[in-house]
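Notebook open, coffee poured. I want to go through this one piece by piece and jot down what I look up.

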Amino acid sequence: MEVEFNTSRSKSYKDAISSFPNVWNEDLLIMHHYLAPKANTTIVELGAGSGFFSTVISKEIGSNGKLIVVDPSLEQMLPLINNPHFNNIEFYCETAENFVVPQNDKIDQVWSRGAFHHVKNKEKVLRELARSAVPGAKCCILDIFTHNSVAKFFDSYIAHACTTGHEVSFLSRDYAQSLCKNTGWKFMELIDIELKWEFNSKEDIGVFLGTLLSLKPEYAHSDTLAVAEDILGISQRGELFYLNWPMTLLIAQKDY
């Protein structure tokens, strides 16, 4: 994960989000609905990237809450680190596997969106989080699972088109349940989420994906658009275009 999100890929990721700020509005709704951050709580966010969810969570937990952000890319986190408005965020610039919850912290919730498939030792990470989680703490991991068509998109195209490659391990339904049992979390449910990312034009979809995923220059945006349409599907409503981006939400609870 440290190698993949090097400076160049981190920059392209930030460029994509800044150029298309509304593309993940549905993802944000999912976070609000299922995680539902509350004031005065302590939340761990794994793989925060450039802080798309972090800024919202920070505001909702308030000045007496704490958001612990874990991400290996300092390049992506710097704007958030340097922003004085988010003084309830504690930053850990390291991989999830190397993160150790501070001794005096008690975790109320865990949130991770689109990053957990990068974690190589998933059991170690979830066991460490369970160690400091309060009884009944909620863990919400929204990610790509093996049965999602997004997994095929990454494995068949992005793995060779991305400048850094994309060597990851996607969760299966069965292993997600075993993972919870092995690490001190009570498995609650898996919810397939049919996300749709919104764009003003069809061409924008290729531009966004090519930039977000830091694709090699020989892979034109039009090539990426064609593959995405074939594997994921694209729809149109009125003047807007929607890229299907199905993911699965794992919800677990700390055993009492």
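First, my burial scale: buried is under 20% relative accessible area, exposed is over 50%, and partly exposed is in between (1.4 Å probe, protein chains only). The areas come from the Shrake-Rupley method with a 1.4 Å probe, and for residues only the protein chains shown count as cover.

Housekeeping: this is a predicted model, where local features need pLDDT of at least 70, side-chain atom pairs count only at pLDDT 80 or more, and totals for chains, interfaces and linings use all residues. Residues are numbered from 1 along each chain as its sequence is written, and side-chain values use heavy atoms, with hydrogens and water left out.

**Entry: isoleucine 68**

I looked up isoleucine 68, which sits in strand E2. Helices (H or I, at least four residues) and strands (E, at least two) are DSSP runs, numbered from the N terminus. Isoleucine 68 counts as buried because its relative accessibility is 0%. Contact here means heavy atoms within 4.5 Å. Skipping neighbours within four places in sequence, I find isoleucine 68 in contact with Thr42, Ile43, Val44, Glu45, Glu90, Tyr92, Phe99, Pro102 and Asp105. I also checked a far pair: isoleucine 68 and alanine 16 are 52 residues apart in sequence and 24 Å apart in space, C-alpha to C-alpha.

**Entry: helix H3 and serine 58**

Which residues of H3 are buried? I get Ser54, Val56, Ile57, Ser58 and Ile61. The cover over them includes H2, E1, strand E2 (66-70), H4, strand E3 (89-92) and strand E4 (107-113).

I then picked out serine 58, in helix H3 (residues 54-61). Its relative accessible area is 4%, so serine 58 is buried. Its side chain makes a polar contact with the side chain of asparagine 88 at 2.5 Å. For the record, a polar contact is a pair of N or O atoms within 3.5 Å; within protein, one must be able to donate a hydrogen and the other to accept it, and residues adjacent in sequence count only if both atoms are side-chain atoms. Leaving out neighbours within four places in sequence, serine 58 is in contact with Leu67, Phe86, Asn88 and Ile89. Just after H3, I note that glycine 62 has a positive phi of about 75°.

**Entry: threonine 41**

Where is threonine 41? I find it in the loop between helix H2 (25-35) and strand E1 (42-46). Threonine 41 counts as buried because its relative accessibility is 15%. Its side chain reaches the backbone oxygen of lysine 38 at 2.6 Å. Not counting residues up to four places away in sequence, threonine 41 touches Ile61, Gly65, Lys66, Asp108 and Gln109.

**Entry: helix H4**

The buried residues of H4 are Gln76, Met77 and Leu80. Down the axis of H4 they fall within an arc of 80°, so they line one face of the helix; that arc is of the directions from the helix axis to the C-beta atoms.

I looked at the surface too: Leu74, Leu78 and Ile81 make a nonpolar patch of about 220 Å². Patches are made of residues with over 30% relative accessible area and no salt bridge, joining like charges within 9 Å and nonpolar side chains (Val, Leu, Ile, Met, Phe, Trp, Tyr) within 5 Å. Isoleucine 81 is in helix H4 (residues 74-81) and counts as partly exposed, at 33% relative accessibility.

**Entry: salt bridges**

My rule is a side-chain nitrogen of Lys or Arg within 4 Å of a carboxyl oxygen of Asp or Glu. How many does that give? The count comes to nine salt bridges.

I looked up glutamate 75 with lysine 14, whose closest N and O atoms are 3.6 Å apart. This pair links distant parts of the chain, with glutamate 75 in helix H4 and lysine 14 in helix H1 (residues 7-19), 61 residues apart. Glutamate 75 is partly exposed at 30%, and lysine 14 is partly exposed at 22%.

Next came glutamate 90 with lysine 66, at 3.3 Å between the closest N and O atoms. It joins strand E3 (glutamate 90) to strand E2 (lysine 66), 24 residues apart.

Last, arginine 131 and glutamate 128 meet in a salt bridge at 2.6 Å, N to O. They are separated by about one helical turn because they are three residues apart in helix H5 (residues 122-132). Arginine 131 is partly exposed at 46%, whereas glutamate 128 is buried at 14%. I also noted that salt bridges sharing partners join Lys66, Glu90 and Asp105 into one network.
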